[in-house]
Each structure stands twice: as C-alpha cells, then as structure tokens.
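Hi,

Here is the structure I promised to pass on to you. Have a look at it first, and then read my notes below.

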Amino acid sequence: MSLIPAELTFPEAIDSSQRAAFTACPRKFFYEYIWQIAPAYTSRHLHAGAAFAKGLEIARKAFFELKLSKADAEIAGFKALIIAYGDFEVIEGETKSFADMLGALDYYFEQYALDTDPIRPLITPLGAAVEFTFALEIPGTVHPQTGNPILYFGRFDQLCTFNDTLFVEDDKTASQLGASWANQWELRAQLTGYCWAAREYGYNVQGAIIRGVSILKSGYGNAQEITYRPRWQVDRWLIQLQRDVERMKQCWRDTYWDYALDGACSHYGGCSFLPLCKSPQPENWLEPGYVHREWNPMVKL
Amino acid sequence: MPLSVEDQKRITDFRARVLAGEDVKAEEYREMLGLIRARRVTAAVEGAAKPRKKATAVLDLDALFKPAGG
C-alpha cells in the first residue's frame with residue numbers, strides 16, 4: 001500500500017509550523033502536509049520537548065486550577081512527564097534522556113517556583129489560561145476544495161500576567177542558550193500569531209515571554225526573553241499570512257510545489273526530505289524511511 | 001550527566017512502575033529527584049574542575065632580538 005493518500009487534500013487549518021515549512025521550502029510543505037509523510041524515526045528533541053511541556057502544563061493546572069500544594073503540583077507534573085516520555089530511549093551518551101528531562105523539570109521549578117514565579121497564568125471563568133488553544137478564521141481566505149474559510153490554529157503554554165501586563169508565554173527546551181537563542185524571537189511569526197489570536201479573543205497582550213531551559217551533559221541553564229508586538233507588526237503578520245496562504249493555494253492549483261534548493265536543504269542537520277529531493281523519482285524512496293502521518297494541528301499529541 | 005549503573009537501574013525501575021500505573025508515593029519521586037540532583041552537582045563540579053587547554057606559543061627571544069641583517 002502506498003504511503004501517499006489516494007486523494008490529496010489541502011489543509012483546513014494552518015499553523016505556524018506549516019507556514020514556516022512553506023516559506024522555507026514549498027516542496028517540504030508538500031511532502032509533509034499534502035503527501036502527509038514524515039520520517040519514520042522519532043526526533044529525541046521533539047519527543048523530550050513534548051514530555052517536558054506536558055509536565056509543566058499539568059503542574060501549572062494542578063497548582064493554579066486545582067489548588068494543590070506546590071509539592072503535590074510538582075509531583076503531578078513529574079508524573080505527567082514520565083507518562084508522556086514513556087519507554088522512549090536515547091542513544092547512550094546523548095542528552096535529553098528520561099533522567100535528563102525529569103531533572104530539567106525539577107531545575108525549572110527551582111528557577112521558577114510555582115508559588116513565587118512573577119509570571120502567573122491569567123485566571124479566566126474557564127480556569128487557568130494554561131495551554132491556551134485557538135482556531136480562528138484567517139480573514140479573506142477560502143479553502144480551494146471545500147470553500148470554507150481557512151483556519152489559523154495554535155496553542156501556547158500560557159496567557160499570563162507579568163508586572164500587571166498581559167503576555168503570551170511559551171517554554172522551550174534547547175541544547176544551548178546564548179545570544180543567538182535570545183535573538184531569534186524578535187520577529188518570530190509563531191509568537192506574533194499567538195499575540196494576534198490572544199487579541200482576537202479580547203486579551204490585549206503586549207508581546208511574548210519565552211523561557212528556555214538548556215539540557216547539556218554538564219548541567220542545565222535557563223534564559224528568559226521578552227519580545228513586544230506593536231499593533232502594526234501584528235497587522236503586517238496577518239497580511240503576510242494571507243499572502244502565504246494564497247501562494248500555497250497557487251501551488252495547489254498548479255499541482256507544482258517549488259523547491260528552495262538552498263539553505264533550507266541543509267539547515268538543522270539537513271532537511272528530513274533530502275533523500276526524496278535527491279531522486280528523480282521520490283515515490284520510490286518512501287519506504288522504509290518514511291511513514292504516513294496525518295497532520296491535524298488541532299489534535300493534541 | 002551520566003548516572004552510576006546502580007542509580008540508572010533504580011531510575012529505570014521507578015519509571016517502569018509509574019508507567020505500569022503503580023501508586024508511587026511522593027517520597028519515591030523525591031528520592032529519584034535527589035539522585036538526579038546529585039549527579040547534576042557532580043557534573044557541574046567536574047565541569048568546573050576540568051583543566052582548560054591553554055594555547056601554547058613558543059617565543060624565540062633570540063630570534064626576536066637578533067640584530068637586523070645579522
């Protein structure tokens with residue numbers, strides 16, 4: 001059975017990962033979200049990061065929503081991390097092992113204790129605004145198959161208050177923190193999209209706070225960046241998103257998805273679809289290196 | 001941040017019990033976190049104690065002060 005769906009579909013919802021893939025290389029977007037294939041291996045970075053996020057989410061909900069004690073909320077978070085990490089194993093000597101990630105969450109709570117952290121989730125009538133999830137129509141867009149508006153979807157760690165000001169907050173695990181880590185958030189579309197969504201829901205956020213925890217062989221590190229998003233930047237982001245979606249639709253209509261054939265092929269250790277682009281017949285190279293993966297950003301992993 | 005074989009086994013068993021749905025007590029979580037914290041401290045100390053490789057340069061003073069044209 002072929003990994004490629006018999007009937008191709010254009011995504012009903014776009015998220016920041018999809019947009020980033022398309023702007024980096026339309027062909028990557030095509031493989032990942034139209035053919036819906038993904039490398040057969042599990043990235044330890046993604047797996048470990050997801051487990052860490054789950055632990056943090058549950059600890060915050062336990063403390064701010066269920067009103068558990070700090071100690072009990074932390075334990076709830078550790079347990080959630082363990083379950084999310086499962087029986088996954090890294091290669092010996094690699095970082096982000098199970099013990100590394102349990103230690104990373106413990107380290108996070110040392111740096112930012114639940115009871116004294118100046119960043120606190122907003123408490124709404126629905127509960128603590130942890131794992132703030134949204135799906136909003138992208139104004140002016142029409143799905144090429146269904147005729148429905150195309151949705152923009154996202155999820156960030158918390159809508160929070162800091163110094164009596166509203167922000168979106170997102171936690172990141174990293175291999176290394178430094179100037180380049182800190183500088184990468186300035187115009188980052190993912191964060192601007194979060195700010196747009198929060199404002200669409202009536203929360204006048206000023207920008208985003210990003211916290212990083214590095215996991216090294218020699219220990220852990222942490223950093224925090226605040227990046228502001230004035231109205232004009234958010235407006236510009238929305239226009240850009242609309243244009244990007246139109247370009248996606250143009251590729252769809254043309255049944256041709258452009259190749260970047262440049263830095264995107266080699267960034268971050270090499271594009272995972274490189275073997276396909278190196279072949280005149282990519283469909284012959286799908287197995288065993290790839291699996292079918294239906295990407296629905298609205299389904300929580 | 002490597003763990004000793006014995007600690008590694010304890011943490012692996014602990015994880016397996018949590019994954020199996022066993023009612024693991026808070027004290028056991030703290031015990032495991034204690035092991036992980038201890039290795040973090042050890043790694044930090046070892047990292048700080050590791051001698052930094054100094055760049056070596058050999059300065060040939062005779063050549064430096066050799067009279068020009070000599």
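Let's start with where the two chains meet: chain B and chain A bury about 1,800 Å² between them, with 65% of that on carbon and sulfur atoms. Buried area here is the accessible area (1.4 Å probe) that two parts lose on being put together, summed over both.

Before you go further, this is a predicted model, so local features need pLDDT of at least 70 and side-chain atom pairs count only at pLDDT 80 or more, while totals for chains, interfaces and linings use all residues. Residues are numbered from 1 along each chain as its sequence is written, chains are lettered from A and ligands numbered from 1 in the order in which they are written, and side-chain values use heavy atoms, leaving out hydrogens and water.

Back to the interface: 17 residues of chain B are in contact with 24 residues of chain A (contact means heavy atoms within 4.5 Å). The rule finds four salt bridges across it, that is, a side-chain nitrogen of Lys or Arg within 4 Å of a carboxyl oxygen of Asp or Glu. B:Arg15 forms a salt bridge with A:Glu89, and their closest N and O atoms are 2.6 Å apart.

On the side of chain B that touches chain A, α1 (5-19) and α2 (26-49) of chain B are the elements that give two or more residues. The most comes from α2(B), with ten residues. Helices are DSSP runs (H or I, at least four residues), numbered from the N terminus.

Cheers
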